Amino acid sequence: MTSSQFALFGHPVATSLSPQIHAAFAKQTGIAHEYRAIDAAPADFAMTLRSFSEGGGHGANITQPHKEAAFALCIEVTERAKRAGAVNTLTHKAGGWHGDNTDGSGLIRDLADRAGFDLRGRRTLLLGAGGAARGVAQALMDAGIVELVIVNRTDAKADSLADSLADPKRAHSRYWNDLAALGDFELIINATSAGRTGESLKLPSGLPSPRALAVDLSYGEVAIPFTAWARAHGVKHVRDGLGMLVEQAAGSFELWHGVRPETEAVYQALAAQRDRLNNGD
Ligand code: ATR
């Protein structure tokens, strides 16, 4: 294979850093890896994905709002994708799409391996119960957190995510309106898409514990409202989803090519780019 066809599907995708990350991986490994972003509205997603595979497309990353729709189009999915009910990585083989989800392992690699946080024993609050939350919930449980409290604007989706984790002693849902009565948390994860639509989350001030780590799964401007809220409420350790983005991309690259790229230099370059933008340079 001289040149492979890979793409990111989402809506919107114009500001995604994934093409830049995959170009860096291709350069570093010397693997031919042609990767572009394809914007597909929900109604066109299945058809656009089909034309992509008919045109020689071999692998796809899937971002919002298509992760659950992509899951439904797979002929086979991995166990972790099945648990999430959502896929972020598709590989075309044996006549159909095979789905996996590298989001959860990407988050844990960023928090534990890159940033050096010990997640074990942390009382954890997961805000949101959509595709992003589903992608990371099991990985958080596997990382040894002591409790996972899932809170979502639509209660039924939090209930269903908690049920799917099948560990009622550790993972359970609570009402958003009861947040102020839930005590404090050592890990707070924003997996909602509120930042994308410019809405602000209504969060009580007592949520972070003194040693809390707060993480927004998105990156760029979208992550700013939640990360700013966390800093304003005394959280010392605040991260956006940039490191997770790089790690999940490396996970996809490895699935497609059998080689895991080095991520640190790619992450550092993007973090410097982000910090320059945030400082208005
Ligand atoms: P993604 O793939 O990014 O997770 P999604 O599956 O559409 O996108 O999920 C979006 C999540 O953000 C949902 O949990 C959504 O809550 P609902 O299930 O009630 O829709 C949550 N969300 C979006 N806007 C929100 C807001 N303004 N306040 C609170 N939660 C919000």
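1. Let's start with a helix pair. Helix 1 and helix 9 make a right-handed crossing. Keep in mind as you look at it that this is a predicted model. The axes of helix 1 (residues 18–29) and helix 9 (residues 242–257) come within 10 Å and cross at roughly 50°, which makes helix 1 oblique to helix 9. If you want to find the contact on screen, pick out Ser18, Ile21, His22, Phe25, Ala26 and Thr29 on the helix 1 side. On the helix 9 side, look for Leu245, Val246, Gln248, Ala249, Ala250, Phe253 and Trp256. Sorted by type, the residues of this contact come out as nine nonpolar, four polar and no charged.

2. There is another helix pair to put beside that one. Helix 5 (residues 103–114) packs with helix 6 (residues 131–142) at an angle of about 55°, and their axes are 7 Å apart. These two are therefore oblique to each other, and helix 5 passes helix 6 in a right-handed crossing. Asp103, Gly104, Ser105, Leu107 and Ile108 of helix 5 meet Gly135, Val136, Ala139 and Leu140 of helix 6. Here the split is five nonpolar, three polar and one charged.

3. Now for a sheet. Six strands form an open sheet in the order 2-1-3-5-6-4, and the pairing is mixed. Which strands stand at the edges? They are strand 2 (34–39) and strand 4 (76–77); each has a single partner strand, so one side of each is left without a neighbour in the sheet. Strand 4 runs parallel to strand 6 (residues 96–100), and two bridges join them. In that pairing, glutamate 76 stands opposite histidine 98 in strand 6.

4. Helices pack on this sheet too. Helix 1, from point 1, touches strand 1 (5–10), strand 2 and strand 3 (59–62), and its direction makes about 170° with that of strand 2. Helix 2 (residues 45–54) lies across strand 1, strand 2, strand 3, strand 5 (89–93) and strand 6. Its direction is at about 175° to strand 1.

5. On to another open sheet. This one has six strands in the order 9-8-7-10-11-12, with parallel pairing. Its edge strands are strand 9 (171–175) and strand 12 (237–239), each of which pairs on one side only. From one strand to the next, the twist averages 20°. Helix 7 (residues 155–165) lies across strand 7, strand 8 and strand 9, and runs at about 155° to strand 8.

6. Strand 8 (residues 147–152) is worth a slow look. How many of its six residues are buried? Six of the six are, so to speak, under cover. In a regular strand, side chains alternate between the two faces of the sheet. You can follow the two directions here: Glu147, Val149 and Val151 point one way, while Leu148, Ile150 and Asn152 point the other way. Strand 8 runs parallel to strand 7 (residues 123–127), with five bridges joining them. Arginine 123 stands opposite glutamate 147 across this pairing.

7. Follow strand 7 to its pairing with strand 10, and you meet asparagine 190. Strand 7 and strand 10 pair in the parallel sense over four bridges, and leucine 127 stands opposite asparagine 190. Asparagine 190 belongs to strand 10 (residues 185–190). Is asparagine 190 buried or exposed? It counts as buried because its relative accessible area is 4%, under the 20% cut-off. Leaving aside neighbours within four places in sequence, asparagine 190 is in contact with Leu127, Leu201, Val215, Asp216, Leu217 and Phe226.

8. Two cis peptide bonds are easy to miss. One joins histidine 11 and proline 12, with omega about 5°; proline 12 lies in the loop between strand 1 and helix 1. A cis bond also joins glutamine 64 and proline 65, again with omega about 5°. Proline 65 is in the loop between strand 3 and helix 3 (67–73).

9. Finally, have a look at two alanines. Alanine 94 has a positive phi of about 45° although it is not a glycine, and it lies in the loop between strand 5 and strand 6. With a relative accessible area of 76%, alanine 94 is exposed. Alanine 166 also has a positive phi, of about 50°, without being a glycine. Alanine 166 sits in the loop between helix 7 and strand 9, and at 63% relative accessibility it counts as exposed.

Definitions and conventions: Residues numbered from 1 in each chain as written. Predicted model: local features only at pLDDT ≥ 70, side-chain atom pairs only at ≥ 80, totals over all residues. Heavy atoms only, no water. Buried < 20%, exposed > 50% of the residue type's maximum accessible area, 1.4 Å probe, protein only. Contact = heavy atoms within 4.5 Å. Axes fitted to C-alpha atoms, helices over the stretch in contact; angles between N-to-C directions. Parallel < 35°, antiparallel > 145°, perpendicular 65-115°, else oblique. Left-handed = near helix turned anticlockwise from the far one by under 90°. Nonpolar A, V, L, I, M, F, W, Y, C, P; charged D, E, K, R; others polar. Pairing = 2+ DSSP bridges.
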